[in-house]
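Colleague: Could you take me through this one, starting with the terms you use?

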Amino acid sequence: MLPLAQRHADLPSALWRRQAPSPLRHPRLIDLNTGLLARLGLDDRAWWQGPEALAMLSAAQGWPGVEPLAMKYGGHQFGGWNPDLGDGRGLLLGDGLAPDGSAFELHLKGAGPTPFSRMGDGRAVLRSCIREYLAGEALHALGVPTTRVAALAGSDEPVRRERMETAATVLRVAQSHIRFGHFEWLHHSGQTALLGQLADHVIARYYPHLSALPQRHSAFFSEVVTATARLMADWQRTGFAHGVMNTDNFSIVGETLDFGPYGFLETYDPYHICNHSDHNGRYAWYLQPSVGFWNLNALAHGLSPLIPVEALREALSLYEPTLIAHYDAGMNRRLGLDDVVSGDRELVQDWLALLQAAKADFNLSFRWLSSHALEQLQEQVMQRFPAEQERALAWLARYARRVQQAGCTDDLRQQAMKAVNPLYVLRNYLAEIAIKAAEHGDDVPLKRLLEVVRSPFEERAEWSAYAGEAPAWGRCLEISCSS
Ligand code: AMP
Ligand code: MG
């Protein structure tokens with residue numbers, strides 16, 4: 001029923017192993033992402049709600065026409081090279097073409113052990129599957145390239161993490177599941193002759209406009225550099241903290257991939273570390289752009305047998321200007337400005353410094369700017385920034401001058417800003433409420449939260465409970481990195 005090819009199997013067999021799934025006990029379908037399935041042309045709802053789809057989602061049996069495999073890759077984890085990675089608990093089901101012509105792959109995460117499971121059990125817990133589903137929907141709604149979940153299934157199969165939990169699966173949709181670590185592994189394991197084949201496979205599928213170029217490999221790396229730079233700018237623009245920016249979690253097409261203890265900034269704190277196991281703060285939020293560059297350097301090293309070093313350097317030099325231009329444009333849009341002129345970067349930086357000093361909520365502060373006329377903003381300064389009044393008033397005066405210069409009416413400014421500044425943010429405590437309920441068999445809070453994060457800009461009275469900052473109990477949640 002799934003019209004999928006398995007083009008990854010055209011690659012040298014060092015890069016994959018055929019692997020049958022291992023069934024989960026007493027599965028139940030929790031949610032189908034009907035909007036996404038429709039976009040992929042997989043919208044036979046009766047099939048998705050029937051026994052065959054549940055069998056597939058619960059890793060229960062071979063599925064006609066689908067030959068799952070586990071991918072082999074390596075990766076730099078927290079700076080150290082690990083050659084022993086690969087799909088340890090997920091299987092690539094295959095690839096397809098959506099009606100709009102875009103390529104996609106389906107991957108079943110939590111499908112049981114593979115040759116790359118090391119000491120792991122091959123499972124994913126319901127908690128982390130729900131978090132992955134929510135993150136993909138939230139990022140997509142904010143315009144950030146991301147992998148997404150098309151279906152979520154639970155089971156009563158016990159799994160040990162810090163506590164006993166239950167196993168679940170997600171059907172993940174990505175343009176590509178090929179990671180920086182695929183290339184690095186070929187290089188570090190001395191299989192450099194295969195690098196060109198892997199690069200040509202990626203070019204043919206995801207960068208086809210480059211295939212005829214004499215310098216196609218350099219051109220491909222340049223595009224990976226710019227796609228990664230734009231992704232890092234998008235994460236910083238939206239306050240997304242990934243948490244585990246290892247090179248095995250970095251996609252070759254620049255999509256957000258592999259969600260662990262991620263989080264969206266709540267109080268604006270650039271030094272925020274969302275992963276409690278990241279003791280040195282290697283992946284602290286403000287460092288994400290430089291980690292993206294570090295990862296591209298690791299990829300460049302992996303590609304060095306294929307691409308002359310000068311061309312690698314030239315491609316890497318595109319990173320910073322691309323990131324800065326994309327970030328500046330994105331942050332200016334958040335301030336209601338469609339272009340970027342001299343002085344704007346300082347305006348943005350001073351606004352962020354004000355939020356940091358005031359320990360203000362990152363997203364709600366932008367939403368506040370979006371929801372009131374300029375004079376009203378001034379009137380509300382005392383209430384909003386009690387300890388930073390003068391600084392806030394001075395900043396608002398500069399902002400008002402810049403808005404006037406842009407020649408935009410205040411109504412239009414507010415309207416444009418409300419379309420890019422979310423009112424509803426995927427806060428950890430909201431995810432936690434949905435997870436706890438689903439663990440007790442109540443999927444309603446999850447389904448409601450999914451709806452909210454899919455429409456983060458649209459103010460609705462019935463969603464008012466989702467709009468505020470976290471209550472005290474929800475501010476100090478420790479998000480486990482086990483998953
Ligand atoms: P992650 O931190 O989820 O990106 O995983 C890093 C590596 O560990 C990947 O190769 C995963 O497939 C593998 N892995 C993570 N959890 C498990 C598990 N429970 N069982 C088997 N492999 C796992
Ligand atoms: Mg991973």
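Modeller: Buried means under 20% relative accessible area, exposed over 50% and partly exposed in between, with a 1.4 Å probe and protein chains only. This is a predicted model, in which local features need pLDDT of at least 70 and side-chain atom pairs pLDDT 80 or more, while totals for chains, interfaces and linings use all residues. Residues are numbered from 1 along each chain as its sequence is written, and side-chain values use heavy atoms, leaving out hydrogens and water.

Colleague: OK, which residues coordinate the magnesium ion?

Modeller: N249, through OD1, and D258, through OD, coordinate the magnesium ion (ligand 2) at 2.0 to 2.1 Å; donors are N, O and S atoms within 2.8 Å of the metal (3.2 Å for Na, K and Ca), and water is not among the atoms, so sites may look incomplete.

Colleague: And is N249 buried or exposed?

Modeller: N249 counts as buried because its relative accessibility is 9%, and D258 counts as buried because its value is 15%.

Colleague: Switching to ligand 1, what are its polar contacts?

Modeller: Taking a polar contact as a pair of N or O atoms within 3.5 Å, one of them pairs an oxygen atom of ligand 1 with a side-chain N or O atom of R118 at 2.8 Å. A nitrogen atom of ligand 1 is also 2.8 Å from a backbone N or O atom of G122, and a nitrogen atom of the ligand lies 3.2 Å from a polar backbone atom of R123.

Notes:
Chains lettered and ligands numbered in written order. Polar contact = N/O pair within 3.5 Å; in protein donor to acceptor, adjacent residues only side chain to side chain.
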